[in-house]
Amino acid sequence: MKIVTVRRISQIFFFTLFVWFCIVTTYGGKFWQLRNWPANLFLNLDPLVALGTILTTHSLYSPLLWALLTVILTIIFGRFFCSWLCPFGSIHHFFGYLGSRNKTAAQKIKLNRYRKAQSIKYFILIVLLIMAAFPSLAATLQTGLLDPIPLVTRSFNLILLPIADGSVNILSVSQRFYETTFFIFAFFLAAVLLNFVIPRFYCRFICPLGALFAVLSRFSIWRIGKNTKTCSNCKFCEQHCEGACEPSANIKIAECVLCFNCRQDCKTKDNVIRYQAKPSLAGEVTNPDISRRGFVLSLASGFLAVPAVRLAGKIKANWPHNLIRPPGSLAEPEFLKRCIRCGQCMRICPTNVLQPAGLDAGLEALWTPVLNNRIGSSGCQLNCIACSQICPTAAIRPITLDEKLGKGSFADKGPLKLGTAFIDRNRCLPWAFGKPCIVCEENCPLSPKAIFIREYFSTVRDGFLTVKKVVGNTIETVEKNLTLDKFATGDYYCSLDGSQKGKIVTNTNNAITISKEVKFAKIPAEGSTIHIQIRLQRPYVDIERCIGCGVCEHECPVSGKKAIRVSAEGESRSADRKLLL
Amino acid sequence: MAETRRKKPRHESVISLFLLAVLFIIGLSVVIPQFNLRTSRTVVSAGAAKTLDSLLDSIVLRRTPDGAAGFEPLSEITVYNAENLYEKIDGKAPFYVDSGFEKLLTNWLKSQQDDQLMFEFYVYDMAEPANAFSVFSVQKRPDASPLSLFETNFGYRTENALLFVQGKYYIELIGSAKSEPLFNAMTEFAKQLSAALPDQKQFSMPEPLIAAGDNLIPGSIKFYTANALGFDGFDNTFTAVYKIDSSNVTIFLSDRPDESSAEQLVRDYCKFLIDTGAEEKSADIDIDKARILDFYGTIEFVFNNGPVVAGIHEADDIETAVKVARLLNDILKPDTEK
Amino acid sequence: MNEQNDRKLNRRRFLARAAKAGLSIAAAGIIAKTLYDKQGPSAQPSSELVTIPDFSVPAMPGRTISIVKGRDRVKTIDKAIDLLGGIERFVKPDDTVVIKPNVAFTSVPALGATTNPELVAEVIRLCYSRAQAKQVYVTDNPINNPASCFTISRIGKAATSAGAKVILPRVSFFKLTTLEGGKYIENWPVLYQPLAKADKLIGIAPVKSHSRAAASMTMKNFYGLLGGRRNIFHQDINTIIAELVMLIKPTLVILDGTETMVTNGPTGGSFSDLKRTDTIIASCDPVAADSFGCSLLGLKPADLPYLAKAQSAGAGTADYQSLKPIIANVT
């Protein structure tokens with residue numbers, strides 16, 4: 001059996017596994033839903049995630065210990081991850097293959113030559129790591145933007161799967177929507193399409209994880225190399241060289257991704273190219289090819305990037321009020337130290353309320369999860385802690401249901417609040433427009449509810465009528481232009497000189513009939529004025545009880561800019577955003 | 001150009017196959033745990049027993065005709081499950097949890113008249129009537145006086161407490177003071193609760209213990225779901241105090257799945273005793289395979305009759321032990337043999 | 001020849017590389033191990049570790065432990081403290097005193113599962129009127145709901161009536177601490193806030209049997225200063241109780257054996273669980289107090305493994321006789 005065959009099987013195996021894990025990241029207990037599937041396996045194995053969080057939090061969150069395995073294997077064997085495991089790499093490999101299928105051998109060899117620009121990925125890695133290592137609170141974890149595993153996870157989770165599932169609706173009952181997806185998609189698509197320009201474009205020039213592996217593979221025990229000096233220098237080995245590492249000459253070990261295509265393609269009788277313990281007889285270079293100037297430049301950029309990004313003050317006083325984070329999220333500086341923008345939380349959220357943030361949350365928070373209560377099936381469900389259970393880095397720390405609801409041992413702390421709902425009295429139907437509505441109060445899931453009602457009577461437009469004659473419980477009016485039965489809905493009352501109120505049962509175009517249960521204390525005199533009033537129930541938010549779940553906002557019938565909106569004041573995770581003492 | 005096929009070295013195939021095997025194992029280790037059917041990570045905590053909750057809420061203690069004050073709940077009913085039971089009863093929690101505990105509902109009721117008079121109720125859902133009887137019997141206080149309130153005779157009172165078993169529930173009502181009006185209110189509560197609890201299987205005393213009847217000290221029967229007599233082999237074991245002549249001995253009996261496991265249990269218990277310093281004694285008894293051991297001055301007698309293991313614990317002398325054992329053996333004999 | 005040299009060179013290079021690879025793996029492993037974080041982040045950002053101050057007063061040989069028999073709690077405890085030198089030996093004028101009674105359960109005083117409120121009130125009274133303390137606080141982190149516990153046990157009322165302030169635990173009052181040489185108390189939250197501003201710490205506990213630990217007395221009383229999911233320590237109850245006295249060095253402990261809970265501890269429930277043993281112990285050494293106290297339960301010090309553990313850790317002595325306890329009677 002050829003080693004390249006196993007490599008291809010391995011790529012297919014892990015890619016399938018990856019897609020399967022994306023599929024099962026669905027809330028539920030069926031076989032094709034989350035259950036116990038290790039859906040975060042690829043993220044856990046990713047050493048850049050582990051290293052990034054080690055630098056920002058000075059701790060290694062336990063599920064990320066898997067990365068140590070990858071690190072050890074890379075130190076021993078080399079960059080096997082890139083061409084045997086990485087799902088993003090497999091995609092590039094495939095598209096690179098498609099792109100160069102009809103080219104001649106000479107053209108392919110030319111495409112796979114080493115380019116100086118391949119050192120860009122090291123600079124990217126340095127910038128990202130410096131930003132993460134920045135002292136104390138200022139550190140920020142931006143590795144997730146370019147780290148291939150979070151990148152491909154978020155691309156599948158937020159774009160490819162919702163599109164695929166859109167017509168068959170197996171994974172989700174209704175179409176799932178995600179904001180800013182165009183840019184996530186553009187990113188993904190660009191990376192994939194660039195393979196038609198140069199194969200494995202992303203892997204060679206951009207991938208910071210590949211750069212990290214390159215550094216780790218410096219001391220690998222075995223490496224690709226030439227075993228004999230009788231090489232004819234035909235360079236056929238470089239036809240399908242994935243890493244562009246020039247195995248025919250001074251092989252650049254740092255770039256070699258162990259695809260073994262060189263070994264496969266070599267046409268010489270002897271075993272010229274081998275995976276061996278001794279260095280290549282044609283010479284090898286183990287260090288990544290970065291100049292000192294480049295190194296210093298990227299160090300400096302990393303240092304400057306953090307304060308530059310923080311200038312907008314989005315962490316401090318200028319914090320964005322509509323940035324509602326998932327329940328269990330750490331306070332914002334801590335959150336940004338851990339979130340790798342993998343999109344798992346958004347994927348698993350059963351109500352589809354978690355969305356990737358755009359730029360309005362600040363550049364630092366790009367594609368981190370925020371709640372958008374207008375999207376999805378209902379705000380944040382009361383009895384759900386799915387997002388906190390799946391976050392691979394504990395940016396959303398794993399909470400129990402007791403903690404979320406403020407029960408059991410958390411009873412004295414009270415429930416976790418995501419923010420507080422604010423009623424916009426200029427838009428709310430009963431407040432501004434005299435129309436009955438208590439959808440928000442009805443849907444508040446808490447018991448007792450965090451929205452309460454106060455009754456209010458308001459005279460309708462054209463509601464001042466002059467009495468002509470009173471017959472029993474019917475008042476004939478001078479005005480003859482009343483709409484038939486307009487006031488018969490049960491919400492309308494007739495107010496007689498301010499003191500008595502009677503519920504209107506029916507009306508004709510010139511007479512109001514009041515409910516039989518009302519006895520007039522004083523019969524309205526001819527020529528006196530009666531008011532037609534509508535009984536409104538005006539909602540008030542009890543800010544001590546409100547947990548900011550957003551169900552009210554979701555249900556509010558004022559569907560554009562909602563008349564009740566959740567804002568992050570009062571969120572439990574931030575001591576400095578308290579609303580109440 | 002003619003391609004000279006180079007020899008594929010064999011070690012390449014070996015390594016390739018080895019790597020394939022590794023992939024296969026990875027695949028298996030990912031898939032196989034899925035058939036374990038443990039609950040998924042995104043578990044929603046078990047909701048409170050809605051019906052029992054509202055049932056307890058519905059019990060109202062108004063002023064009774066004899067003038068006892070009305071009582072009202074102090075707050076909401078609190079529910080505890082196996083994980084947080086310790087938050088209520090601390091060190092006693094493992095005892096309940098190990099005996100099959102599922103849920104506890106508890107609340108205080110306070111007198112509307114007198115601030116000092118209140119009682120707390122504990123309704124333990126033990127999943128099975130046998131478990132409920134177990135925790136009831138094992139914790140029985142020495143000063144228990146009988147309670148003839150209910151059909152079930154598994155209940156007793158102390159100066160300030162009322163404790164009983166109904167179906168799979170073990171119920172404790174603990175009063176804050178020695179007070180008859182308080183106790184009357186607790187009794188009323190117990191009556192209402194007992195009537196309102198859904199019909200369910202009640203614990204039934206095993207035949208042999210019923211047959212032993214008057215010879216057993218009433219209320220001395222205990223049922224251990226585990227660790228009876230300090231021996232971990234004695235799960236699901238009854239103990240009781242038997243009156244013989246003018247003294248009392250403790251008897252025990254345990255129903256095993258079959259005769260051979262019963263015989264094995266006898267052997268295991270004897271080994272356990274011998275390992276901790278007992279001396280085997282011999283005596284002329286007509287009970288097959290019976291064993292007698294002297295444990296630091298008291299006698300242990302253990303035998304099996306079919307699938308039932310029975311015996312005497314801490315008897316004063318061999319004669320007494322043999323006598324009671326014979327009586328027990330007679331009771332255990334199947335009807336056809338009698 | 002050249003080939004041989006080549007091979008040697010290659011082998012040396014290989015070994016050098018292998019060594020470097022080995023070192024890198026070791027380094028990665030060490031980093032992973034030291035930074036390994038099983039629990040993940042807590043709700044509050046990580047804070048500095050605190051140290052619990054040492055509240056003990058200088059020892060006076062022969063005046064370390066007193067054992068007084070008497071029916072009336074107030075008279076008995078007065079005598080017990082006087083025999084050790086009076087409250088003035090322990091509390092100085094203008095001191096801030098924290099009293100840590102057992103308020104663990106929503107249980108009425110008569111059931112004996114919590115500290116008797118009379119004792120709390122009396123100690124507070126002594127601190128104020130005899131010792132001229134500036135302020136006395138009463139605190140505990142109960143197992144059940146704190147407000148209910150302080151109310152139903154009547155300790156809250158007793159404390160405030162005597163002029164003390166009750167400190168109910170709040171999340172921000174807990175700080176992380178690590179016990180040097182401790183196995184379990186590592187980065188563990190303790191109720192630090194009341195202790196931070198205190199000069200003296202007095203523990204008051206009833207004598208109770210305990211299903212896990214065999215007995216709950218003055219040492220186990222300090223469990224009530226732990227926060228977090230402290231229940232987890234019940235799996236190694238003897239070690240954690242020993243660690244408690246290694247962590248907390250009180251000024252004085254009072255062990256109330258007037259009505260000892262001999263069965264069904266630590267919650268009891270029936271008056272018949274209590275036995276009148278009419279004894280109160282005052283001690284500067286909680287280990288010694290407990291060593292005597294267990295006799296009221298019909299136990300020997302050897303029955304309580306945590307006594308030996310605490311003694312070998314140097315936190316006190318289980319051989320209370322060696323401290324020459326002062327024994328007295330009060331009618």
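**Exercise 1. A helix in chain A**

Task: List the buried residues of α13(A), then decide how enclosed the helix is.

Solution.
Step 1. The buried residues of α13(A) are A:P208, A:L209, A:G210, A:A211, A:L212, A:F213, A:A214 and A:L216. Keep in mind that this is a predicted model.
Step 2. Compare with the helix itself. Helix α13 of chain A spans residues 208-216, and 8 of its 9 residues are buried. Therefore the rest of the structure largely encloses α13(A).
Step 3. Look for the cover. Helices over the buried residues of α13(A) include α3 (47-57), α4 (66-77) and α5 (80-85) of chain A. Also among them are α8 (120-133), α9 (143-146) and α10 (148-168) of chain A.

**Exercise 2. Two helices that cross**

Task: Find how α6(A) and α11(A) are set against each other, and which residues meet.

Solution.
Step 1. Locate the pair. Helix α6 of chain A covers residues 87-99, and helix α11 of chain A covers residues 181-193.
Step 2. Read the geometry. Their axes come within 9 Å and cross at roughly 45°.
Step 3. Classify the angle. At that crossing, α6(A) is oblique to α11(A).
Step 4. Name the contacts. From α6(A) come A:F88, A:I91, A:H92 and A:F95. They meet A:F188, A:A191 and A:V192 of α11(A).
Step 5. Sort by class. The contact of α6(A) with α11(A) has 6 nonpolar residues, 1 polar residue and no charged ones.
Step 6. Link to helix geometry. An α-helix has 3.6 residues a turn, so residues three or four places apart point the same way.

**Exercise 3. A barrel in chain A**

Task: Work out which strands close the barrel and how β9(A) pairs with β14(A).

Solution.
Step 1. Follow the order. The barrel of chain A has 6 strands, running β9-β10-β13-β12-β11-β14. Their pairing is antiparallel.
Step 2. Add the twist. On average, neighbouring strands of this sheet are turned by 40° against each other, direction ignored.
Step 3. Check one pair. In chain A, β9 (residues 451-471) and β14 (residues 529-541) pair in the antiparallel sense over 12 bridges.
Step 4. Pick a point along the pair. A:L465 stands opposite A:I530 in β14(A).

**Exercise 4. An open sheet in chain B**

Task: Identify the edge strands of the 7-strand sheet in chain B, then the helices that lie across its strands.

Solution.
Step 1. Write the order. The open sheet of chain B runs β9-β10-β11-β15-β14-β13-β12, with antiparallel pairing.
Step 2. Find the edges. In chain B, β9 (222-224) and β12 (279-281) each have a single partner strand, so one side of each is left without a neighbour in the sheet.
Step 3. Add the twist. Neighbouring strands here are turned by 25° against each other on average, direction ignored.
Step 4. Inspect one edge. β12(B) pairs with β13 (residues 291-295) of chain B in the antiparallel sense over 3 bridges. There, B:K281 stands opposite B:I292 in β13(B).
Step 5. Place the helices. Helix α8 (residues 259-275) of chain B lies across β11, β12, β13, β14 and β15 of chain B, at about 165° to β14(B). Helix α9 (residues 318-332) of chain B lies across β10, β11, β12, β13, β14 and β15 of chain B, at about 20° to β14(B).

**Exercise 5. Two residues in chain C**

Task: Are C:K220 and C:P286 buried or exposed, and what do they touch?

Solution.
Step 1. Find C:K220. This lysine lies in helix α8 (residues 218-221) of chain C.
Step 2. Apply the cut-off. Buried means under 20% relative accessible area. C:K220 has 8% relative accessibility, so C:K220 counts as buried.
Step 3. List its contacts, leaving out residues up to four places away in sequence. C:K220 touches B:D90, C:H210, C:A215, C:I237, C:I241 and C:L244.
Step 4. Turn to C:P286. This proline is in helix α10 (residues 286-293) of chain C. Its relative accessible area is 5%, so C:P286 is buried.
Step 5. List its contacts with the same residues left out. C:P286 touches C:T218, C:M219, C:V245, C:P250 and C:V253.
Step 6. Compare sequence with space. C:P286 and C:T317 are 31 residues apart in sequence and 8.6 Å apart in space, C-alpha to C-alpha.

**Exercise 6. Chain totals**

Task: How many helices and strands do chains A and B have, and what share of each is buried?

Solution.
Step 1. Chain A has 22 helices and 15 strands. Of its 581 residues, 57% are buried.
Step 2. Chain B has 9 helices and 15 strands. Of its 338 residues, 48% count as buried.

How values were computed:
Residues numbered from 1 in each chain as written. Chains lettered and ligands numbered in written order. Predicted model: local features only at pLDDT ≥ 70, side-chain atom pairs only at ≥ 80, totals over all residues. Heavy atoms only, no water. Pairing = 2+ DSSP bridges. Helix = DSSP H or I, 4+ residues; strand = E, 2+ residues; numbered from the N terminus. Axes fitted to C-alpha atoms, helices over the stretch in contact; angles between N-to-C directions. Parallel < 35°, antiparallel > 145°, perpendicular 65-115°, else oblique. Contact = heavy atoms within 4.5 Å. Nonpolar A, V, L, I, M, F, W, Y, C, P; charged D, E, K, R; others polar. Buried < 20%, exposed > 50% of the residue type's maximum accessible area, 1.4 Å probe, protein only.
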